[in-house]
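Here is a friendly tour of a fold, meant to be read with the model open beside you. Take it one topic at a time and turn the view as you go.

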Amino acid sequence: MEKFKTLADVLPACVDGRPVLGAILNNMVVPLATPLVGDPAVEPLTRADREGFGIYRATLAFLLAKCARELKPDEPFRVRYSAGPALYFSWGGDVAALSLALQTTVAADLPVVAEPWSYKDAIDYFSARGRTDECHLLAHRNPPMVVLSRCGDFRALHQVALAPRTGALDAFKLLPVEGGFLLDVPDSAAPDVLPDARSLEDKGSYLQIFRDQLAREKQTGVSTLGDLNQVILERRLGEFVRTVESLQRRSLARIADRIAAREPRVRLVLLAGPSSAGKTTTAHHLCTELRANGLTPLLLSTDDYFVGDARNPVDENGNPDWETVEAVDRERLARDLNALFAGGAVKLRKFDFHKHAGFDAAEESRLPPGGVIVLEGIHALNPILTEGVADDVKFRVFLNALTQPAIDSCNRVSSSDTRLLRRLVRDFHFRGLSPVETFRLWPKVVAGERKWIYPFQLRADAVFNSALDYELAVLKPYALELLNQVKPWDRAYVEARRLSGMLHNVSIASPSVVPGDSILRETIGGSQIEY
């Protein structure tokens, strides 16, 4: 019987001097050991490709879990959150020793292979080693076979395609930070440049978010999707949801307290974040917390100041560029802000998203004495948007869906994936966009965020985490229905398949558990808040 060739047999070892790490085969990201049948469409992936960067970083996380277990088997180890292309890991061991062990593993050029195991054998393997992450994930599945990734004697549940050999991972460094370390790797945008040494200590607000998440995990007992699945199975989800929502509102209340206590008095609160981060609901909640502090807020949205299709800038391909700050009528916004601060009555700008045109509100608005304007939108932190307002009366808030329970010790759920799932559901139900259309728009949205949003995040006076530790369980049935609409012949299938695989790790929760004023209602509907 003829043995099928694998992708490794037909693809070059390197492209542009960089090792080939995997491939896109018929719009699926696959490892190089995948058999080649027929005459499929194949694209080699290096770390210069977005999907190849994912393979590169995931393989390093897998190898770090291997090295950490070999050095200190009983020391908890977990991948946590991203800081740009870098990843933050919690671990209490010697980071220098871990770095040396990883360098030794890479230098040995060991094979990384995928092994099929029976379900029972996999359960027995992880149970015997006290690997509760994997046991909890498998407890909520019942496949006859399970795939494990292996390097040497270390095995983990196969979640994503990994590089075929450790020697392909030639650029990285570990930087000790509070509670663990940062894995620094080249970004796919600059694949041959290892960033200068940096620390999460330079991002104090973000480090506090991570501290808060670790404290919440200890309080709730949920640090992985397997833990969340167990909560759902034991019918404890309602209590968990109430706790998570309460903790999130408390963090926003602390920000409102800071705004109310600031001297000189804050007159303009600027709230910005990337797409589907929950800006609108958060802005309403923040106004409520400000009222509880005795302030009178007036909420404005930069979306209402879009210039409209007739004046909207276009990109290099002649298509409307809705991500640029030039899509906002800055002159009109400045005029309205100045009039409000002067005590005048203003017919505020509104925007009709069906007609793609702006109009004036029917009623006038006025800022009362001692009032504060809350301006939310993707460009709110961009200084050119409010350059006519003195900096000392501004308070800047950056929000993002920053954290989710991890999949296991070496696999995480990215903040970008959380937002993309939110946007897929929201776009379909409230904007009439198909999942394929949302996937096609997403790269442009991400590029716009990198250019127009993230450069200003470190200017923020406060960072708010809009993620909810239970949301993937609620989003799963909505999202899977949409992801299944994306067919293998469409390029969007690459992302749809990956997200479906990630959601395979979480159980389903009813949307009835979501409070009516939750940020998640902005995505799934049924909000008690009037937008």
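A good place to begin is an open sheet in which three strands follow the order S8-S9-S10 with antiparallel pairing. S8 and S10 are its edge strands, each of them pairing on one side only. From one strand to the next the twist averages 40°. Please keep in mind that this is a predicted model.

**The three-stranded sheet, strand by strand**

- Strand S8 covers residues 113-118 and strand S9 covers residues 145-151; six bridges join these antiparallel strands.
- To find the S8-S9 pairing on screen, look for Pro116, whose bridge partner in S9 is Val147.
- On the other side, S9 is joined by four bridges to strand S10 (residues 154-157), again in the antiparallel sense.
- Two pairs help you to locate this second pairing: Ser149 has Ala156 of S10 as its bridge partner, and Arg150 stands opposite Arg155 in S10.
- S9 and S10 together make a hairpin with two residues between them, and Gly152 in the turn has a positive phi of about 65°.
- Helix H4 (residues 119-128) lies across S8, S9 and S10, and its direction runs at about 105° to S8.

**The five-stranded sheet**

- A second open sheet has five strands, in the order S14-S19-S13-S20-S21, and here the pairing is parallel.
- Which strands stand at the edges? They are S14 (296-301) and S21 (462-465); each has a single partner strand, so one side of each is left without a neighbour in the sheet.
- In this five-stranded sheet the twist averages 25° from one strand to the next.
- Within the sheet, strand S13 (residues 268-272) pairs with strand S19 (residues 371-376) in the parallel sense, over four bridges.
- A handy marker for the S13-S19 pairing is Leu270, which stands opposite Leu375 in S19.
- Helix H10 (residues 330-341) packs on the sheet, where it touches S13, S14 and S19; the direction of H10 makes about 165° with that of S19.

**Helix H8 against helix H9**

- Helix H8 spans residues 237-261 and helix H9 spans residues 279-292; their axes come within 9 Å and cross at roughly 55°.
- That angle makes H8 oblique to H9.
- H8 passes H9 in a right-handed crossing.
- From H8, the contact takes in Arg249, Leu252, Ala253, Ala256 and Ile259, while H9 brings Thr282, His285, Leu286, Thr288, Glu289 and Leu290.
- By class, the residues of this H8-H9 contact divide into six nonpolar, three polar and two charged.

**Helix H11 and its contacts with H13 and H12**

- Helix H11 (residues 415-430) meets helix H13 (residues 471-483) with axes that come within 10 Å and cross at roughly 55°.
- H11 and H13 are therefore oblique to each other, and their crossing is left-handed.
- On the H11 side of this contact you will find Thr418, Leu421, Arg422, Leu424, Val425, Phe428 and His429; they meet Glu471, Leu472, Leu475, Tyr478, Ala479, Leu482 and Leu483 in H13.
- The H11-H13 contact residues divide into ten nonpolar, two polar and two charged.
- H11 also approaches helix H12 (residues 435-452): the two axes come within 10 Å and cross at roughly 135°.
- H11 and H12 are therefore oblique to each other as well, but the crossing of H11 and H12 is right-handed.
- Here H11 uses Ser416, Arg419, Leu420, Arg423, Leu424, Asp427 and Phe428, and H12 uses Pro435, Thr438, Phe439, Leu441, Trp442, Val445 and Glu449.
- In the H11-H12 contact there are eight nonpolar, two polar and four charged residues.
- Leu424 and Phe428 of H11 are worth highlighting, as they appear in the contact with H13 and in the contact with H12.

**The whole protein**

- How many helices and strands does the protein have? Its secondary structure comes to 15 helices and 21 strands.
- The radius of gyration is 24 Å, close to the 24 Å that the globule rule gives for 531 residues, so the protein is as compact as a globular protein of that length.
- The C-alpha trace spans about 80 × 50 × 45 Å along its principal axes.

Terms used: Residues numbered from 1 in each chain as written. Predicted model: local features only at pLDDT ≥ 70, side-chain atom pairs only at ≥ 80, totals over all residues. Heavy atoms only, no water. Pairing = 2+ DSSP bridges. Axes fitted to C-alpha atoms, helices over the stretch in contact; angles between N-to-C directions. Contact = heavy atoms within 4.5 Å. Parallel < 35°, antiparallel > 145°, perpendicular 65-115°, else oblique. Left-handed = near helix turned anticlockwise from the far one by under 90°. Nonpolar A, V, L, I, M, F, W, Y, C, P; charged D, E, K, R; others polar. Rg over C-alpha atoms; globule rule 2.2 N^0.38 Å.
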